[in-house]
Amino acid sequence: MMSLSARLAALPKRLHHIIATHPHAAPALYEHGEVMTFAMLRDAVEELAQTLRDEGVRAGDRVMLVAENSRLLVAAILAASQLDAWAVIINARLSAGEIEAIRQHCAARRVLFSSAVSTDAAAHAERAGAQIRQSALLGSYHLGPLNEACAPEPVHADPAMQVAAMIYTTGTTGAPKGVMLTHRNLMFVADTARTMRKLTEADSVFAVLPFSHVFGLSSVCLASLYAGCSQHLEARFDPAKMIRALANDNISMMLGVPAMFAKALELADTQHIELRAPTLRFMYAGGSPLDQTLKDTVEQRFGCALHNGYGLTESSPTISHTRVDQPRRDTSVGPPIDGVEVRLLNSQRSAPVAPGEVGELWVRGPNVMKGYYRAEQQTAAVIDAEGWFNTGDLARADADGALFIVGRSKELIIRSGFNVYPPEVEAALNAYPGVVMSAVVGRAVDGNEEVVAFIQVLAPETFDLAALQAFLAAQLAPYKRPGEVRILSSLPAAASGKVLKHQLQKMAMHA
């Protein structure tokens with residue numbers, strides 16, 4: 001049995017261990033029909049690490065990776081880590097202004113662009129004046145100018161202190177912040193995911209969750225590398241590709257956000273596609289609330305249990321997870337993962353809530369971030385002196401310890417003195433035939449708040465809003481019912497698929 005310290009070693013050490021203990025010819029990454037074995041990945045990491053070293057990257061530097069899922073991105077994450085540099089992973093689909101703001105904030109030494117596999121990355125590279133580089137194993141990419149003003153951060157031998165990656169939050173509740181995640185943070189979650197999902201080298205994972213998001217990074221990419229199984233890399237989510245891959249490519253594991261499953265069902269229904277997943281043994285939804293209707297439909301159509309979990313960027317991300325051998329019929333996010341403590345506090349944060357009551361969720365464990373980069377006050381506002389992290393989410397716990405997330409404390413709507421939790425209203429909306437997905441926000445009106453709902457539907461031209469409101473009247477108490485329902489062609493979402501409620505909040509203010 002490998003010791004805990006060995007299991008949570010730095011990322012490159014884990015890769016070398018995998019190469020030493022698994023067949024060198026075992027497939028690690030599939031990308032557009034091409035296969036990269038674990039041995040090839042190791043060589044690519046060594047080559048790219050040497051290139052970055054020659055290009056002036058030092059231990060403690062920040063290296064921005066403007067990319068989409070690809071073998072280049074996987075190798076770049078590991079190469080930066082091998083140099084004890086920080087991989088600042090940015091989705092190429094962000095705007096030029098967003099990327100420049102992050103580059104300035106992290107003071108990146110170099111910026112690498114996956115220009116050959118991403119048109120957005122290529123456009124960013126051109127704006128940045130980046131120069132093309134060639135790799136026999138990784139193809140071409142662009143490297144931005146050297147930032148002479150970059151000062152390296154201290155380097156730590158302890159994996160619990162050394163930052164491996166920095167993920168900038170999507171800004172759903174404000175300006176993005178740089179979340180510093182250590183080697184121990186990431187490897188703890190990767191090891192937990194590998195163990196809980198019983199991942200083996202025989203598994204094949206559909207890797208469509210962006211590795212620029214911590215869900216995709218630790219729970220998919222690193223967990224798969226850790227287990228020595230293969231990953232089918234997809235740069236962007238396409239429901240047709242997902243449906244084809246599950247039917248034909250021997251995929252055994254599919255992880256996504258609920259919106260991905262909803263869009264796959266929408267496509268199947270509109271184009272009359274039979275959903276097949278003959279080799280699928282594990283399906284998982286995370287990143288945003290999962291409602292009962294979607295869960296039941298996905299399980300029935302794919303013939304596989306849809307597991308659920310909960311986490312945040314700041315917790316690397318996993319906090320809780322339903323157990324593979326104990327699938328649930330409800331929408332619980334499962335009990336906390338081993339090694340993570342949770343507590344539910346009252347609104348004054350002075351004491352735990354009574355059993356079964358809703359409280360503010362705090363967590364402590366090896367998954368909790370080192371902090372926000374260059375933001376000591378913001379870090380201190382969410383992590384107390386004892387290491388407890390305030391998630392900002394509201395939850396309740398069943399008698400068996402399973403958690404139910406009822407909403408974010410900042411998204412709680414107080415209508416006429418009553419608490420309205422958006423996920424509950426969204427679940428009712430999603431249960432109505434023809435609704436693909438929904439999102440609910442609050443709008444201030446004359447000293448009160450009202451509920452505003454945004455929905456995406458199968459047939460906008462014929463959708464009956466009055467019938468929907470009549471349906472909701474039978475499902476929800478009067479104070480929970482939306483005062484307004486708006487149909488959108490699609491809900492605004494981050495690259496991870498997470499709905500951007502701050503954008504909907506702005507739309508709601510313009511009645």
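In this predicted model, strand β19 (residues 389-397) runs antiparallel to strand β20, and five bridges join the two. One residue pair shows where they meet: alanine 397 has leucine 403, in β20, as its bridge partner.

These two strands belong to an open sheet of four, ordered β16-β17-β19-β20, in which the pairing is antiparallel. Strands β16 (341-345) and β20 (403-408) are at the edges, and each of them pairs on one side only. From one strand to the next, the twist averages 45°. In a regular strand, side chains alternate between the two faces of the sheet.

A parallel pairing is found further along the chain, between strand β24 (residues 448-457) and strand β25 (residues 484-487), with four bridges. Here isoleucine 455 has isoleucine 487, in β25, as its bridge partner. To get from β24 to β25 the chain passes through helix α14 (residues 465-475), and the resulting β-α-β crossover is right-handed.

The nonpolar cores give another view of the structure. The largest nonpolar core holds 126 residues, and the members that touch the most others are Leu41, Leu48, Leu65, Ile89, Met254, Leu255 and Met283. Helix α8 (residues 214-227) is the greatest contributor to this core, supplying ten residues. Another core lies apart from the largest one and has 20 residues, including Trp86, Val88, Ile102 and Phe113. Val88 thus named belongs to that 20-residue core, whereas Ile89 is a member of the largest core.

Technical notes: Residues are numbered from 1 along each chain as its sequence is written. This is a predicted model: local features need pLDDT of at least 70, side-chain atom pairs count only at pLDDT 80 or more; totals for chains, interfaces and linings use all residues. Side-chain values use heavy atoms; hydrogens and water are left out. Two strands pair if DSSP finds at least two bridges between them. A crossover is right-handed if, with the strands pointing away from the viewer, the path from the first strand over the helix to the second runs clockwise. Axes are lines fitted to C-alpha atoms, for helices over the stretch in contact, and angles run from 0 to 180 degrees between N-to-C directions. A nonpolar core is a set of buried Ala, Val, Leu, Ile, Met, Phe, Trp, Tyr and Cys residues joined through side-chain atoms within 4.5 Å. Buried means under 20% relative accessible area, exposed over 50%, partly exposed in between (1.4 Å probe, protein chains only).
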